[in-house]
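Reader: I am new to this structure and would like a friendly tour. Could you take me through it one question at a time?

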Amino acid sequence: MKLIIINGSCGAGKSTLAARLHAAIPFSFLLDLDAQRQFISTHRENPKRRWGALFSITKSILAESLRLDMDVIIDKMIYDSASLDELIVIGEAAGADVYELILQAEKGEIVRRAQQKRGFTDEAVFTEEEYRKFWDRIDELMSTRDSAHILDAAQSEEGVFDAALKILE
């Protein structure tokens with residue numbers, strides 16, 4: 001049984017890798033925190049309260065999925081070490097092998113991907129400046145996560161997937 005935490009800045013390819021791993025790992029549970037957030041009404045009005053509720057729900061789903069002996073894949077940009085550590089403790093308590101993967105590429109590459117995929121319009125969820133701040137936060141986090149596996153998100157989708165599979169063997 002595995003707990004796979006896929007972290008990285010916006011545009012690094014977390015969701016793509018998570019979907020590919022989910023398809024490749026039988027009886028796995030893909031825990032997409034952004035999808036769960038949509039079930040919290042007025043989720044945009046109080047970000048701190050929303051994150052508290054979302055994270056509590058996430059921990060419950062994680063614990064139950066591991067109790068059912070499922071591999072769990074979590075896909076989310078989390079730049080708070082304490083939150084990551086809470087997820088890891090739950091995984092270890094359930095007897096799961098825990099893998100923390102951080103996808104990162106050069107800041108310019110991440111911003112370029114965001115521009116291509118979403119654009120920086122008035123309707124965009126994040127601005128170019130926010131993408132740059134997210135990159136900085138993940139870059140800072142990487143220096144504190146000794147057991148995390150850093151994957152070069154600048155390589156091809158297939159290259160990232162193959163690198164992840166090698167780590168998970």
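Here is a short conversation about strands, salt bridges and the surface.

Reader: What kind of model is this, and how are its residues numbered?

Author: This is a predicted model, in which local features need pLDDT of at least 70 and side-chain atom pairs count only at pLDDT 80 or more, while totals for chains, interfaces and linings use all residues. Side-chain values use heavy atoms, leaving out hydrogens and water, and the residues of each chain, as its sequence is written, are numbered from 1.

Reader: Thanks! Is strand E3 mostly covered or mostly open, and how many of its residues are buried?

Author: Strands (E, at least two residues) and helices (H or I, at least four) are DSSP runs numbered from the N terminus. Buried means under 20% relative accessible area, exposed means over 50%, and partly exposed lies in between, with a 1.4 Å probe and protein chains only. Asp71, Ile73 and Asp75 point one way from E3, Val72 and Ile74 point the other way, and all are buried. Strand E3, residues 71–75, is therefore mostly covered, and the number of its residues that are buried is five of five.

Reader: Which residue of E3 is the bridge partner of Ile6?

Author: Two strands pair if DSSP finds at least two bridges between them. Strand E1 (residues 2–8) pairs with E3 in the parallel sense over four bridges. Within E3, the partner of Ile6 is Asp75.

Reader: And which residue of E3 stands opposite Ser28?

Author: Strand E2, residues 28–32, also pairs with E3 in the parallel sense, over five bridges. Opposite Ser28 in E3 stands Asp71.

Reader: What stands opposite Leu103 in E5?

Author: Let us start with E4, which is mostly covered, with six of its eight residues buried. E1 and E4 pair in the parallel sense over seven bridges, and Ile4 stands opposite Tyr99 in E4. E4 also pairs in the parallel sense with strand E5 (residues 149–152), over four bridges. There, the residue opposite Leu103 is Leu151.

Reader: Is Leu17 buried or exposed?

Author: Leu17 sits in helix H1, which covers residues 14–24. Its C-alpha atom and that of Ala153 are separated by 10.0 Å, although the two residues are 136 apart along the chain. Leu17 has a relative accessibility of 3%, so it counts as buried.

Reader: Which residues are linked with Arg20 in a network of salt bridges?

Author: A salt bridge is a side-chain nitrogen of Lys or Arg within 4 Å of a carboxyl oxygen of Asp or Glu, and the whole structure holds nine of them. Arg20 meets Glu157 at 3.6 Å, N to O, a pair that links helix H1 to helix H7 (residues 157–168) across 137 residues. Arg20 also meets Glu158, at 3.0 Å, N to O, so this pair ties together parts of H1 and H7 that are 138 residues apart in sequence. The network's other members are Glu157 and Glu158.

Reader: How exposed are those three residues, and what is the value for Glu158?

Author: Arg20 is partly exposed, with a relative accessible area of 23%. Glu157 counts as partly exposed too, at 46% relative accessibility. For Glu158, also partly exposed, the relative accessible area is 40%.

Reader: How far apart are the closest N and O atoms of Glu109 and Arg112?

Author: Both residues are in helix H5, three residues apart, so they are separated by about one helical turn. Glu109 is partly exposed at 21% relative accessible area, and Arg112 is partly exposed at 37%. They form a salt bridge whose closest N and O atoms are apart by 2.7 Å.

Reader: Where is Phe27, and what is its phi?

Author: Phe27 is in the loop between H1 and E2. Phe27 is exposed, with a relative accessible area of 58%. Although Phe27 is not a glycine, its phi is positive, at about 55°.

Reader: What about Asp69: is it buried or exposed, and what is its phi?

Author: Asp69 is found in the loop between helix H3 (47–67) and E3. With a relative accessible area of 55%, Asp69 is exposed. Asp69 is a residue other than glycine with a positive phi, near 65°.
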